[in-house]
Structures are given as C-alpha cells and as structure tokens.
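User: I have a two-part question list for this one, starting with how contacts are counted and then moving on to the metal and the cavities. Could you take me through it?

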Amino acid sequence: MYAPLLANRYLTSRIIPFIAVAAVALCVALVIIVVSVMSGFLEMVRSSGKSLTGDVVVSRPITGIPDYLELVTRIEALPEAAAASPLVETFGLLQMQYGNSDGGKQIEMVEVWGIDPASLDRVAQYRDKLYWCAPSASELSTLAEDDPRRDAFYQRDEAGMSLQTADGKDGVVLGIELSPFNHRERDGSYRTLNPGSRQHDAGYFMPNAGAVTLTLVPVTDGGSLGGEKKRRFSVVNEFQSGLYQIDANRILVPIGVAQEMLRLNEAPIVSREQVDAEGRPLVIGTSPARATTIVVRAEDGVDLLVLREAVRRVYAEFWRERAMDPKRLFETPEPDSVDISTWEERLADFIGPVEKERELMRTLFSIVYLVCAGLVLAIFWAIVQEKTRDIGILRAVGASRTGVLWIFLRYGVLIGIAGSLVGVLLAWIVVSRINDIHEMLGAPAPLWLKSAAGLAVIFSIGMTVRGVRRASALHVVLWSFATIGFLLVGVALLLHQGFLVWDPSVYYFSTIPSKLDLVTAATTMLGGVVFSVVGAAIPAARAADTDPVQSLRYE
Amino acid sequence: MLLAAHHVKKTYELGRVRVPVLHDASLTVREGEWVAIVGSSGSGKSTLLHLLGGLDRADKDSGPISFAGEDLRAFRARRENLYRNRDVGFVFQFYHLLPELTVLENAMLPALVGLSRLRWISERLALRTRAAELLETCGLSHRLNHRPAELSGGERQRVAIARALINKPRVLLADEPTGNLDIHTGGGILDLLAARHAEGLTMVMVTHDAAVAARAQRQVRIVDGRVE
Ligand SMILES: Nc1ncnc2c1ncn2[C@@H]1O[C@H](COP(=O)(O)OP(=O)(O)OP(=O)(O)O)[C@@H](O)[C@H]1O
Ligand SMILES: [Mg+2]
C-alpha cells in the first residue's frame, strides 16, 4: 500500500519530476517533429516527380504510335486502369512577347506537351494544376486577402480546360515559372509583376493579353529534320505542378496543334509510282494521327507493376493485329521499341537519390532517437540513484524487492506517459503550425517582442542589483545570467531581419509539409514510456538488491 | 532465548583491504530482557545491532544468529521481509526517515508495508489512530503533518522510535536512541522505553552513555570485536 503513496509523493513534492516530464516531452517532440517534417518532405519530393504524369507511361518518342485513340480505348477498358490520356511530347523554342533585360526577346528552350485536357484531367488532375482559376471553398479560406485569384478577372478555368481563347483560337498554357511576369512571393504564392490598375496590370497578366511564339522542328521518318514550324499562340492560362523544374520548363498546347506542327497528324498516303488523272501522285490511303506518349492512371489499390504488365499485354495484342494485316501501309512500332514503365521506373534517376536520402535520414534519426533515449535514461537514473537511501529505509522496515521496484515503475510510467503526451501535443502544435512559425521567422521581429526583450533586460538588471544588496549569491548568479540571456535575445531580435529557411525557389514546394507522422508519433510515445520505465527500474532494482545497511550509507 | 548470536564474524572489505570488525562475538537475549551494548566508538556496536536486525549479512564462516530458534541465515526473501517488518523494530543511529512523508506517515510506514490494499481500506482509520496515539506518547502530537526536515534532531529520533514500535515488535533494537538528546529529553525517551519494557518488550540498546546503560538489566561491552 506504500507504493502508490510514495510514488505520488515523489511525483508531487519535488521539482525534479516536472523537469523529467519536460525533458521527456522535449525529446519526444524533437523526434516527432524532425521525423514528420523530413519524411513529409521526402514523400513530397518523391510523389511530386509524378506530377502531371500517370502511374504507367507508354512512350514511343519522336515518331509516335499510330491509331493511338484505339490503343487508349483498349487500355481504358482494362479493369486495372482508371483512365488513359494521349500526349505528344517534344522540345521546342519559346519566344516570349517581352524583351529580357539585355534588350532582345526572351527565348527559352522548353518541353512541349500536346495534351487532351479532358482525359489528362482524368489521369492527372490537370484542372487542379491550373493556376488562374476560381478557388474552391477550402482554398478560398487560405488565400491571402489580396490574392488576385479572388477576382473573377483572374479566374480562367474554362480557357485552361479548352486551351482556346475566347474567340475560339488555339491557346497554350505555360508553366507558372516560365513567364518573367510572375513573381514568386516569399510565402510561395505568385503575383503578376505590376502594381497599379488592372488595365495596366492586364498587359503583364499573360493569360489576358500575353502571346508567345513557339517553334517546333518535325522529324521525318528517315530521322532527318524537317523544316521548322513557327506559330504564335495566345496564353490562356498558367499551371503550377508544384515541382519547380516542371513549372519553369514546360508548356502545354492542344494535342492537335502539336501533331500538326510535328507532322504527326492524319495525312494522306500517296503512291510513288501511280498518278491520278491530273498527273498528281495517287492517294492510296491515310496515315492516322500519332501520339508519342500515353499516360495511364491505375484503378485505386491496383499494384503499378500489375497495371504495367496488363498494358504491355494490350500493346502486344494491338501490335500483333496490325503487323499481321498485309493491307496496312504504315508501320506500328514493335513492342520492343515502345517503353512501357511505371512512373517510378521512368523517374528512377530522380527517385534514386531521394531513396538514398531516406536511408541516410533513417540512420540519422536512429542516432537522434538513441541520444534522446540515453537522455531520458540518464535523468531517471540520477533521480532514482538519489533515492538509494530511501530504498534502504524501505527495505529495512520490511518492504519487498518487488514492492520497492513497483514504486519506481509507477514513477517512470507516470512521468513517461505524461511527458510523452505533452511531447506529442507539442509536436502536433509545432508541426501543424510549422508554416506560420516559418513565416514568423521570415519576418523582422515585431515591435512588441523587441520591447518585451528590452523590458526583460531592465527588469533582470534591477533584480541583479537587488540580489547584490541582499547579499544573495544565488539571486546575483541567476539574474545576471538572465540579464545576459535577455540582452543576447534582444540584440538578436534587433538584428533579425527575417530569414527564410524554406525558400520556395530553392526547395521544390511552396509550403513545409505539416502532417504529423502518426506511426512515428505512436512509436516515439511508446519509446518515451519504455525508456522512462527502464531508466527508473534498473537503478531501483539494483538498490533493492543491496543490503539495507549498504543503501543507508549512500549519501 | 529470544535472540542469540553465536561466534559471529563480520569483516568489511574495502577494495583489497579487509577490516575485521567483529570476530567471535556472542550474545544471548532472553525474552523480556533489556540489554545495553556499550563500547568505544568504532568498536562495532552498530554493526552487531544491524546483524541482529537482519539488515546486513555476517561473514560466510560466521556462527549463526537466531531469533526464537530460527536461523536468520536460512531466511527466504519473504521471511526476511516479515522479520524486519514484524519481529523487530529498529531505531537507527541517524534516524533515517523518509523526507517526502509526513511525521504521521513515517510512523505508519512499517504498518503500510505490511498491509495489502484491501486491508488498508478497512484498517486505515484504526491505523492512523494508533500511529497518532503512539506519536502523542512520544510528545509529537503537534507535529503530525510536518516533514522530517522541519523537526529537531530529538524530535526525529522520537519519530524513528514510534516507527519502530508501530507494528508491536517482539524485540526493539535501538542504536543510540538518546545519543542526540539532552539529559531531560533523553530521560523522557528512556521512561517511554522503560514503560514498553515493563509491558514485556525485549530491548537491545546501543549506547556510550553509562547512565543510560545503567537503566538496562544487563550491560555487555564490545572490545576487540568480542562481546565481554
Ligand atoms: N560499510 C562499511 N564499510 C567499511 N567499514 C565499515 C562499514 N561499516 C562500518 N565500518 C567500520 O566498522 C567499524 C565499526 O563500525 P560501527 O558503526 O559498528 O561502530 P560503532 O561501534 O557503532 O561506533 P559509534 O559509536 O561511533 O557509532 C568502524 O571502524 C567502521 O569504520
Ligand atoms: Mg554506531
């Protein structure tokens, strides 16, 4: 019956248990925060590679796959596939409407994607990537007061989805980092680069009046370059995939336009020998339009490798039918020459380092975890060690070893649980507020904080003087340290002009991942309790084992 | 014969140095007897008392210590705990109270140790009353809820005595129970113990004060690790 009494007394009548709770809490919070943010970041890096791509990609660069619509239909019929969309992928030169700093017109080498917006939306949520569009209700609440997208003028959903201007002409969608007139703010949002009236602004708002000239070079069957094609397009919207490399390099055009410019569109096939009545080469058939790529989204829960195999089978079948038909005048590429792989395989170069990073991080975390565990262990060891004499007394009046052990197990469990809970709470607050905290760090210190630091300095100088008058060494020591501490904080606040740890233009993303990793939280909590208990139990068991007289001699 | 030590040996080992403290110490205490152990400082009085109380182990080649015919060395863990808890009451030379517990709780401690949770619930009030009465006879009724740190040395000594008596042991082993007290207070404590003795309590008391030793029925002296 003495065990609960003593455990509770030890917990409530001293300051040490609170320090122990705080220490356990800080250790637990540290581990959870670091693991959550870092693994969230790596996960974001990994999955962002997938941005605007499907789960499985069929690709035959340059010459493309004929009859692709038929292939898309067959792939979509697979039970493993949720949707498929054709693309024409190529590179081109983009000439911007406005000059760059050295006077000439800005010319960029870009990745060009001919897309079919409707099916691409089904495969890769194309609509969500459009930047200038009406925000959803949930977005609206997080949007800054002066975000232009609150204004209907900037909401260009339909133009983005149709890739057409209001008067029905073909339009293009630029990656948001491509245009020099989008300025990325520190918080990661974009601003069209011009203050002042909207009329004026409109000139700099690419989807409004902007136009670009795109140059593509078709490649003939024989592999030589055809004459380049140059066309001027209106910009109808911009997209943000979240991945800087894509946003700064890619432009989206209607698939028909890309096919036409690359000569991948439907075309008559003419005979070399025969001529028609008017002496022109005789048309003996049509070559169907081609797509270089088909992106496929897996049905929920389907393993990507399973989907890949299914798509490979579909393609083999698709090819066999055409190869065996003697009347076909155009060639369908053999299955061996078509790359069918999952997005992870396609982005292996990109994902590989991320996975390595993850391994490295796991090792580092184990070290952080061990250090924290050691700390918790040491704290309990010291606390219980100090109670050796008490254990001697208890054993001398007849308490059993298990009874003594039980006191300290209770003690460790209670502190461990309390500390872990506080730690998880702390971690949750920090992780869920991490972007706010980051923003606060990014701005110069507010005046009230500086004034508070100033007042604290004056107050602690006063207290030091009082300590000197009263001849209290403890007061003098504590308050002079406090003075120095507050002074340093104050100077730091004055000098602090704000710094961004998470620069959106350096990292890929505009926000820091802010999701608590539940598995980590649970295991770390458990670890916090276990190490508290072990740390308390070992010295307690040792003391319980020694003869009371020996323990009583402990000072 | 309630308590008997036969040719007891005790050697402390400090690293490589062996410090023989008791060799061939024998002592018998009859039921109801009051024995005083005297001897110079460092002669091994406390050591002998600790051995009698089952708080320390004698050497391997030592003779037996027995309580009511039972050999202490043969005790299993359970019996050993029971012996310390019930059969003997021990008053330490340096009090050894638990600093986090109040005076009342300290006095109740051996009783708490012996109680299961269930019996604690039914006997709680009776126990408190008994402890409070005991402390009152020790003159501490106004200090029940104080912490040991708030007491004087003599007051702590009296709490330690109350703690030793709470489980109504058959033997009281007291190490210098009046060592830190003035003659007046010390006399009071001795009267208290004498009253217990009159009720039948067996007492073994270590002291270096001849006047205190004179109140015992019998005095033994430790010289050169032997009892004379
Ligand atoms: N744990 C120990 N380790 C080493 N030596 C010890 C230990 N305990 C006691 N001694 C030594 O044993 C001897 C006897 O000690 P003990 O405490 O029994 O003396 P004492 O007769 O009670 O003396 P006092 O009258 O000063 O209380 C002393 O010399 C002491 O240094
Ligand atoms: Mg002594």
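Analyst: To begin with the term needed here, a contact means that heavy atoms lie within 4.5 Å of each other. The model is a predicted one, and in chain A residues 24 or more positions apart account for 75% of the contacts with a separation of 6 or more.

User: And what share do residues 24 or more positions apart have in chain B?

Analyst: For chain B, such residues make up 71% of the contacts with a separation of 6 or more.

User: How many helices and strands are in chain A, and how many in chain B?

Analyst: Chain A contains 21 helices and 15 strands, while chain B contains seven helices and 10 strands. As for burial, 45% of the 555 residues of chain A count as buried, and in chain B the figure is 54% of 228 residues.

User: Switching to the metal: which protein atoms are donors to the magnesium ion?

Analyst: The protein donors of the magnesium ion (ligand 2) are OG of B:S46 and OE1 of B:Q93, which lie 2.0 to 2.4 Å from it. This pair links distant parts of the chain, since B:S46 sits in helix α1 (residues 45-52) of chain B and B:Q93 in the loop between β6 (88-91) and α3 (103-114) of chain B, 47 residues apart.

User: Why does B:Q93 count as partly exposed?

Analyst: B:Q93 has a relative accessible area of 26%, and the partly exposed class runs between the 20% limit for buried and the 50% limit for exposed, so B:Q93 falls in that class.

User: Now cavities. How many of 30 Å³ or more are there, and what lines the largest?

Analyst: The structure holds three cavities of 30 Å³ or more, and the largest has about 130 Å³ of space. Its lining is made up of 16 residues, of which A:V397, B:R84, B:V88, B:G89 and B:F90 lie nearest the centre of the cavity. The elements that give two or more residues to this lining are α2 (77-87), β6 and α5 (153-165) of chain B. By class, the lining of the largest cavity has nine nonpolar, four polar and three charged residues.

User: You mentioned α5 of chain B there. Why is it described as largely enclosed?

Analyst: Because 11 of the 13 residues of α5(B) are buried, the helix is largely enclosed by the rest of the structure. Among the buried residues are B:G154, B:E155, B:R158 and B:L165. What covers the buried residues of α5(B) includes α15 (388-396) of chain A, together with elements of chain B such as β6, α3 and α4 (117-137). From its first C-alpha to its last, α5(B) reaches 19 Å, which is close to the 18 Å expected at 1.5 Å a residue.

User: And the second largest cavity, what classes of residue line it?

Analyst: That cavity has a volume of about 80 Å³, and its lining has eight nonpolar, three polar and no charged residues. Among the lining residues are A:C27, A:Y369, A:G528 and A:F531, and the elements that give two or more residues to the lining are α2 (16-48), α14 (348-385) and α20 (518-545) of chain A.

User: Is A:G528 buried or exposed, and what does A:G528 touch?

Analyst: A:G528, which is found in helix α20 of chain A, counts as buried at 8% relative accessibility. Leaving aside residues up to four places away in sequence, A:G528 touches A:V28, A:V376, A:G416 and A:S420. A:G528 and A:V413 are 115 residues apart in sequence, yet 9.4 Å apart in space, C-alpha to C-alpha.

Conventions
Residues numbered from 1 in each chain as written. Chains lettered and ligands numbered in written order. Predicted model: local features only at pLDDT ≥ 70, side-chain atom pairs only at ≥ 80, totals over all residues. Heavy atoms only, no water. Donors = N, O, S within 2.8 Å, 3.2 Å for Na, K, Ca; no water. Helix = DSSP H or I, 4+ residues; strand = E, 2+ residues; numbered from the N terminus. Buried < 20%, exposed > 50% of the residue type's maximum accessible area, 1.4 Å probe, protein only. 1 Å grid on protein atoms, 1.4 Å probe; cavity = no way out; pocket = protein on both sides within 12 Å on 5 of 7 lines; lining within 4 Å. Points joined across faces, edges and corners; volume = space filled by probe spheres on them. Nonpolar A, V, L, I, M, F, W, Y, C, P; charged D, E, K, R; others polar. Expected span 1.5 Å × (residues − 1).
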